[in-house]
Amino acid sequence: MSDIESLFVTRLYRAALSEHGPAISADELESTCYAIADDDEAGQDWCEENGYPGYTSYASLTDLGWRMPIFADLIKALDLHVAAFAKELAFDLGEDGKLELEDIWINILPEGGMHASHIHPHSVISGTTYVSMPDGASALKLEDPRHAMMMAAPPRLKSVDRDQKPFIYAAPKVGDVLLWESWLRHEVPMNMSEDDRISVSFNYKWV
Ligand SMILES: [Fe+2]
């Protein structure tokens, strides 16, 4: 009888935002995202100059938690989710060490918008909470981190179990939070909905 273990497992955390911290109204968060986007001319200019479809506050705003109370509440909730995930990952952060928010930003992706495959260098945990996910809005696509080492490895059968698939599509609902380790490559495929796909993404660093 053979014995096959699963080794070097990659974990993906998924929870309802409401499981930790202050209650966050999805409607209020959505209207706040639009209000910030409308006001943020530097961000709009950056998106235009850089060919970013829709809007992101990534390059222009570093203080969402100070600007808007709902973002301060959101950060309180995210801190607790990230701490729970760090515990699950068995991170040894040292006696005084902790994971601390480094960046948090809004993404408004219109119909046809996408975000190409990337990682989040210099961070430990990255994630997204979902603010508006109309029907047809894309899932998050996560990639097996061993692809660069696969060389001549054959593809896997379409019927393979989820834990052996080369790509995973995580289809979050409004109010969900997804967390993963920042080295995990991911992308947002094209938004096929006529309506905006709105999310708030963030990075946590080890301090
Ligand atoms: Fe990302």
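## Exposure and the predicted model

A residue counts as exposed when its relative accessible area is over 50%, as buried when that area is under 20%, and as partly exposed in between. F8 has a relative accessibility of 79%, so F8 is exposed. The model described here is predicted.

F8 sits in the segment before β1. Its phi angle is near 55 degrees, a positive value in a residue other than glycine. M151 also has a positive phi, of about 45 degrees, although M151 is not a glycine. M151 belongs to the loop between β6 (140-143) and β7 (167-170). With a relative accessible area of 78%, M151 is exposed.

## The iron site

Which residues hold the iron ion? Its protein donors are H118, H120 and H186. Each one offers its NE2 atom, and these atoms lie 2.1 Å from the iron ion. Along the sequence, the donor residues follow the spacing H-x1-H-x65-H.

Are H118 and H120 buried or exposed? H118 has a relative accessible area of 18%, so H118 is buried, because the cut-off is under 20%. H120, at 10% relative accessibility, is buried too.

## The open sheet

Strands of a sheet pair through backbone hydrogen bonds, either parallel or antiparallel. In this model, 6 strands form an open sheet, and their pairing is antiparallel. The order of the strands is β1-β8-β5-β10-β3-β2. Which strands stand at the edges? They are β1 and β2 (55-56). Each has a single partner strand, so one side of each is left without a neighbour in the sheet.

Now look at β10 (residues 197-206). In the strand order, β10 stands between β5 and β3. Strand β3 (residues 99-109) joins β10 through 10 bridges, and the two run antiparallel. Within this pairing, W105 has S201 of β10 as its bridge partner. Strand β5 (residues 125-132) pairs with β10 over 7 bridges, again in the antiparallel sense. Y130 is matched with S199 of β10, and S132 is matched with I198 of β10.

How many residues of β10 are buried? The count is 8 of 10, so β10 is largely enclosed by the rest of the structure.

## Helix α1 and its two faces

Helix α1 covers residues 26-39, which makes 14 residues. At 1.5 Å a residue, α1 should span 20 Å. Its end C-alpha atoms are 20 Å apart, so the expected span and the model agree.

The buried residues of α1 are L29, T32, C33, I36 and A37. Why do they lie on the same side of α1? They cover an arc of only 135 degrees around the axis, which puts them on the same side of the helix. A general rule of helices helps here. An α-helix has 3.6 residues a turn, so residues three or four places apart point the same way. The face of α1 turned away from its buried side carries the exposed residues D27, D38 and D39.

## Salt bridges

Side chains of opposite charge can pair when their charged atoms come close. The whole structure holds 7 salt bridges. One of them joins the side chains of E88 and R11, at 2.5 Å from N to O. E88 lies in helix α4 (residues 69-88), while R11 lies in the segment before β1 (13-16). The pair therefore ties together parts that are 77 residues apart in sequence. E88 is partly exposed, with a relative accessible area of 45%. R11 is partly exposed as well, at 35% relative accessibility.

K98 and E100 form another salt bridge, at 3.8 Å from N to O. K98 is partly exposed, with a relative accessible area of 46%. E100 is partly exposed, at 31%.

R146 and D144 also meet in a salt bridge, at 2.9 Å from N to O. Here the two partners fall into separate classes. R146 is partly exposed at 44% relative accessibility, whereas D144 is buried at 8%. Which residues join them in a network? The network of salt bridges links D144, R146 and R156.

Note on methods
Residues numbered from 1 in each chain as written. Predicted model: local features only at pLDDT ≥ 70, side-chain atom pairs only at ≥ 80, totals over all residues. Heavy atoms only, no water. Donors = N, O, S within 2.8 Å, 3.2 Å for Na, K, Ca; no water. Buried < 20%, exposed > 50% of the residue type's maximum accessible area, 1.4 Å probe, protein only. Salt bridge = Lys/Arg side-chain N within 4 Å of Asp/Glu carboxyl O. Helix = DSSP H or I, 4+ residues; strand = E, 2+ residues; numbered from the N terminus. Expected span 1.5 Å × (residues − 1). Arc of directions from axis to C-beta. Pairing = 2+ DSSP bridges.
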